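I opened this notebook to record what I looked up in one structure, site by site. The entries are kept short and follow the sequence in which I made the checks.

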Amino acid sequence: MTTEQPIVIAHRGASAYLPEHTLPAKAMAHAMGADFIEQDVVLTHDGVPIVLHDIHLDSTTDVAKVFPGRARADGRFYAIDFTLAEIRRLKAHERRSPNGEAVFPRRFPAIDGISGIPTLAEEIALIDGLNRSRDHQAGLYVEMKASAFHRTEGQNLPAAVMQVLTDADWDQRKDRVFLQSFEPDALRQLKYELKTVLPLVQLIAENAWDESGSVDFDAMRTDAGLDAVAEYADGIGPWLMQLYQGVDDQGKHQVTDLAERAHARGLIVHPYTFRADQLPPGIDSFEELHRLFFEELQVDGVFSDFPDRSRALSEKFANTAKASP
Ligand code: G3P
Ligand code: CA
């Protein structure tokens, strides 16, 4: 699969402007012309897929106030310990660090929430409705979060997600839905057991983040690793610093050949996460970041917290490329 103009994936919605994964943030992303809107998905105790980045509720909701005493021994409140009825009593807020401070201090105030946590079905209904009422067709970009953890809790996250997509009539829309995971096993389950036709994107973390237990992301970025990914996936979603590694003494951008080697295997490349308020070292502006990734690295799309600005820059650099001899 290739795309002519790089796509813009609204990362957790228009999350630079409204609390992540709330329906207002998704509606705003749609209004900003995002090509795809991202859903990170976990399950409730009663097995309902909800749109939430963490397996925990405490960084982005008022769960500690509403349900004191429901944390596990590690002090965290796990979404899987709460029924949907209980989760409906929570309000989402801008992400806070454990000491209570806003993770992105210049964004929407990290005050107690104004909006609840949507189910995946509710979010799809919103996007369906906006696709109908507006002259713009946004797609879904669904990440299964911590499928192995869900398995240890007796839950089957990929199957639950596919059931929602099937019920909403999105399970065959291979031009409008991507499925993503950091876990190769979850992607293989989707392809070989659940037999999805939807394109699959292998996310690539750093081993140091301890994102997915035994997965070796260093090995995944080697030629042999990419060969293996290409057997079950259609693309990769690398951390942007795996493609760009700062500047040398002369101020020249240092890039890797990961995107080139992925493209050589027919894999699309959608790096994360583009944030105007958290630029990588050696990059002076959001425009420069997009120019580097679109023009030099030729990525096929980006996950962006600022879908309005990334959309404009995608158009700008696609037009520049077309105008070149
Ligand atoms: O899914 C792409 C990107 O969102 C991965 O990072 O942690 O924001 O889900 P994360
Ligand atoms: Ca994600």
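The entries below cover the metal site, the bound ligand, two helices, the aromatic pairs and some backbone details.

**Entry 1. Status of the model**

I note at the outset that this is a predicted model.

**Entry 2. The calcium site**

I first asked which residues coordinate the calcium ion (ligand 2). I found Glu38 and Glu143, each through OE, and Asp40 through OD, at 2.1 to 2.4 Å. Along the chain, I read the spacing of these donors as E-x1-D-x102-E. Asp40 belongs to strand 2 (residues 36-43) and Glu143 to strand 4 (residues 139-144), so I recorded the two as a link between distant parts of the chain, 103 residues apart. I also looked up the accessibility of this pair: Asp40 and Glu143 are both buried.

I then checked the geometry around the calcium ion (ligand 2). The arrangement is irregular, because the six donor atoms subtend angles of 59 to 157°. For six donors to count as octahedral, opposite donors must be over 155 degrees apart and all others between 65 and 115.

**Entry 3. Ligand 1**

Which residues lie around ligand 1? I listed His11, Arg12, Glu38, Asp40, His53, Glu143, Lys145, Gln180, Phe182, Leu203, Tyr272 and Phe303. Glu38, Asp40 and Glu143 are among the residues around ligand 1, and they also coordinate the calcium ion (ligand 2).

I next looked up polar contacts to oxygen atoms of ligand 1. Arg12 places a polar side-chain atom 2.7 Å from one such oxygen. For Glu38, an N or O atom of the side chain is 2.9 Å from an oxygen atom of the ligand. Lys145 brings a polar side-chain atom to 2.7 Å from an oxygen atom of ligand 1. Of the 280 Å² that ligand 1 exposes when taken alone, the protein buries 92%.

**Entry 4. Backbone at Arg12, Ala146 and Thr273**

I returned to Arg12 for its backbone. This residue sits in the loop between strand 1 (7-10) and helix 1 (23-31), and its phi is positive, near 60°, although it is not glycine. I entered Arg12 as buried because its relative accessibility is 11%, with the cut-off for buried set at under 20%.

Ala146 is a further non-glycine residue with positive phi, here near 55°. I located Ala146 in the loop between strand 4 and helix 5 (147-152). Its relative accessibility is 25%, so I entered Ala146 as partly exposed.

I also noted a cis peptide bond from Tyr272 to Thr273, with omega near -10°. Thr273 lies in the loop between strand 10 and helix 11, and Tyr272 is one of the residues around ligand 1.

**Entry 5. Helix 11 and the aromatic pairs**

I searched the whole structure for aromatic pairs and obtained twelve. In one of them, Phe274 and Phe293 have ring centres 5.1 Å apart and planes at 80°, so I recorded the pair as edge-to-face. Phe274 is in the loop between strand 10 (268-269) and helix 11, whereas Phe293 is in helix 11, 19 residues apart. Phe274 counts as buried at 0% relative accessibility, and Phe293 counts as buried at 0% as well.

The pair of Phe286 and Phe306 is edge-to-face too, because the planes stand at 65° with the centres 5.6 Å apart. Phe286 is in helix 11 and Phe306 in the loop between strand 11 (301-304) and helix 12 (307-323), 20 residues apart. Both residues are buried.

For helix 11 (residues 286-296), I listed the buried residues as Phe286, Leu289, His290, Leu292, Phe293 and Phe294. After the helix comes Gln298, with a positive phi near 60°.

I also found one aromatic cluster, formed by Phe36, Tyr141, Phe178 and Phe303. Phe303 is also listed around ligand 1.

**Entry 6. Helix 6**

What caps the N-terminal end of helix 6? I found Asn156, with a side-chain oxygen 3.2 Å from the backbone nitrogen of Ala159. Within helix 6 (residues 157-167), the buried residues include Leu157, Pro158, Ala160, Val161, Met162, Val164 and Leu165. Asp169 follows the helix, and its phi is positive, near 65°.

**Entry 7. Val247**

Lastly, I looked up Val247, which is in strand 8 (residues 244-247). Val247 is partly exposed, with a relative accessible area of 38%. The C-alpha atoms of Val247 and Pro19 are 33 Å apart, and the two residues are 228 residues apart along the chain.

Methods
Residues numbered from 1 in each chain as written. Chains lettered and ligands numbered in written order. Predicted model: local features only at pLDDT ≥ 70, side-chain atom pairs only at ≥ 80, totals over all residues. Heavy atoms only, no water. Donors = N, O, S within 2.8 Å, 3.2 Å for Na, K, Ca; no water. Tetrahedral: all angles 85-135°; square planar, octahedral: opposite > 155°, others 65-115°. Helix = DSSP H or I, 4+ residues; strand = E, 2+ residues; numbered from the N terminus. Buried < 20%, exposed > 50% of the residue type's maximum accessible area, 1.4 Å probe, protein only. Near = heavy atom within 4 Å. Polar contact = N/O pair within 3.5 Å; in protein donor to acceptor, adjacent residues only side chain to side chain. Areas by Shrake-Rupley, 256 points an atom, 1.4 Å probe, with all protein chains shown as cover. Phe/Tyr/Trp six-rings, centres within 6.5 Å; stacked < 30°, edge-to-face > 60°.
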